[in-house]
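The following paragraphs lead through the model displayed below. They begin with the contacts along the chain and end with the cysteines.

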Amino acid sequence: MIRFGIIGTNWITESFISAAQELNDFRLTAVYSRKEETAKEFASKFQLSTTYTDLDDFSKSNEIDAVYIASPNSFHAQQAIACMDQGKHVLCEKPIASNLNELLEMKAASERNNVVLMEAMKTTLLPNFLAVKENLHKIGKIRRYNASYCQYSSRYDKYKEGIVMNAFKPEFSNGSLMDIGIYTIYPMVTLFGKPKGLQANAHLLESGVDGQGSILFEYDGMDATVTYSKIANSYLHSEIQGEEGTIIIDKIHTPEKLLIKYNDGTEEDITLPQNTKSMFYEAEEFIRLIKSGEKESTMNSITNSLTTMELIENARYQIGLTYPADQKAT
């Protein structure tokens with residue numbers, strides 16, 4: 001049994017807990033929030049009595065083996081390092097950090113404390129994403145990866161009314177690229193590794209974050225294009241185009257339907273059944289790593305997280321997107 005403490009009291013956390021509770025080795029034992037009322041209200045939903053408002057007390061708790069972090073992005077590094085320094089394993093929501101320097105500090109903390117650190121990127125652990133990876137050879141030489149994730153944010157309505165919520169605040173290291181764009185970039189890195197270069201474009205909002213953007217990546221013999229938005233919807237599928245066929249992916253962030261269209265006109269459905277609670281597999285992988293003594297996931301590796309963060313940081317530099325957290329970097 002792995003005893004979990006939770007940092008972050010939002011719908012994402014509820015979704016994670018709901019999925020993880022299907023695993024026999026998962027047990028929720030404690031909740032941390034900066035506000036006592038919020039912590040107790042969230043804990044009551046899961047019949048929990050143990051809550052914390054002090055991060056130091058939470059990280060030192062002997063009732064916790066591992067921590068799931070789903071707080072605002074700008075808090076990830078500080079909270080994760082505090083927990084790892086007390087011997088806790090950490091599963092941290094995407095994006096795992098505000099910038100590359102923070103992630104390197106987190107990596108160092110995991111190594112010196114001999115604990116697991118994993119980015120909670122659900123996509124790359126889903127059976128249907130693994131099916132994409134396993135069927136790539138069928139479409140011949142890969143020529144293009146094209147991923148789209150554009151989802152109009154309900155918080156943008158408030159933004160247009162003059163109310164800037166956390167999702168559009170640079171002090172929380174937020175915006176379209178970090179929140180939505182990462183779902184198009186991390187799978188690309190997992191499948192094809194680090195590109196040779198990139199060109200980024202974006203629309204910056206007056207609050208100081210990006211509302212939407214696109215990036216062109218260069219690989220040997222292929223290119224990759226990603227588009228993402230929090231201020232407009234898209235209904236386009238994502239594709240991986242090869243010389244002998246194309247894999248069509250219904251949703252790059254949560255693939256549920258996969259189809260190969262071959263050049264000869266034939267089609268192959270490569271969809272696999274998977275748990276409707278998409279966060280189940282990240283919880284399963286994280287717990288497996290802890291129990292097996294492994295320190296790093298093959299799919300959601302620290303290397304993949306570092307590469308993704310480096311690409312995001314490069315894109316942010318090109319579009320002029322900076323965060324207060326960047327000034328704290330050492």
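Among contacts in this predicted model between residues at least 6 apart in sequence, 69% join residues that are at least 24 apart. The secondary structure that these contacts accompany consists of eleven helices and 14 strands.

The overall dimensions may be considered next. The C-alpha trace spans about 60 × 45 × 35 Å along its principal axes. A compact globule of 330 residues would have a radius of gyration near 20 Å, and the protein agrees with this expectation because its own value is 20 Å.

Burial and surface complete the general picture. Of the 330 residues, 56% count as buried. The accessible surface amounts to about 14,400 Å², and carbon and sulfur atoms contribute 45% of it. As to charge, the protein carries 33 positive and 44 negative side chains. The centres of these two sets lie 2 Å apart.

The cysteines remain to be examined. A disulfide is a covalent bond between the sulfur atoms of two cysteines. The structure contains zero disulfides. Cys-83 takes part in no disulfide, and the cysteine sulfur nearest to it, that of Cys-92, is 9.8 Å away. Because a disulfide requires two cysteine sulfur atoms within 2.5 Å, this separation of 9.8 Å leaves Cys-83 unpaired. Cys-92 is likewise in no disulfide, its nearest cysteine sulfur being that of Cys-83.

Are these two residues buried or exposed? Cys-83 counts as buried because its relative accessibility is 0%, under the 20% limit for burial. Cys-92 is also buried, with a relative accessible area of 0%.

Definitions and conventions. Residues are numbered from 1 along each chain as its sequence is written. This is a predicted model: local features need pLDDT of at least 70, side-chain atom pairs count only at pLDDT 80 or more; totals for chains, interfaces and linings use all residues. Side-chain values use heavy atoms; hydrogens and water are left out. Helices (H or I, at least four residues) and strands (E, at least two) are DSSP runs, numbered from the N terminus. The radius of gyration is taken over C-alpha atoms; the globule rule is 2.2 Å times the number of residues to the power 0.38. Buried means under 20% relative accessible area, exposed over 50%, partly exposed in between (1.4 Å probe, protein chains only). Contact means heavy atoms within 4.5 Å. Accessible areas come from the Shrake-Rupley method with a 1.4 Å probe; for residues, only the protein chains shown count as cover. Lys and Arg count as positive and Asp and Glu as negative; His and the chain ends are not counted. The place of a charge is taken as NZ of Lys, CZ of Arg, CG of Asp or CD of Glu.
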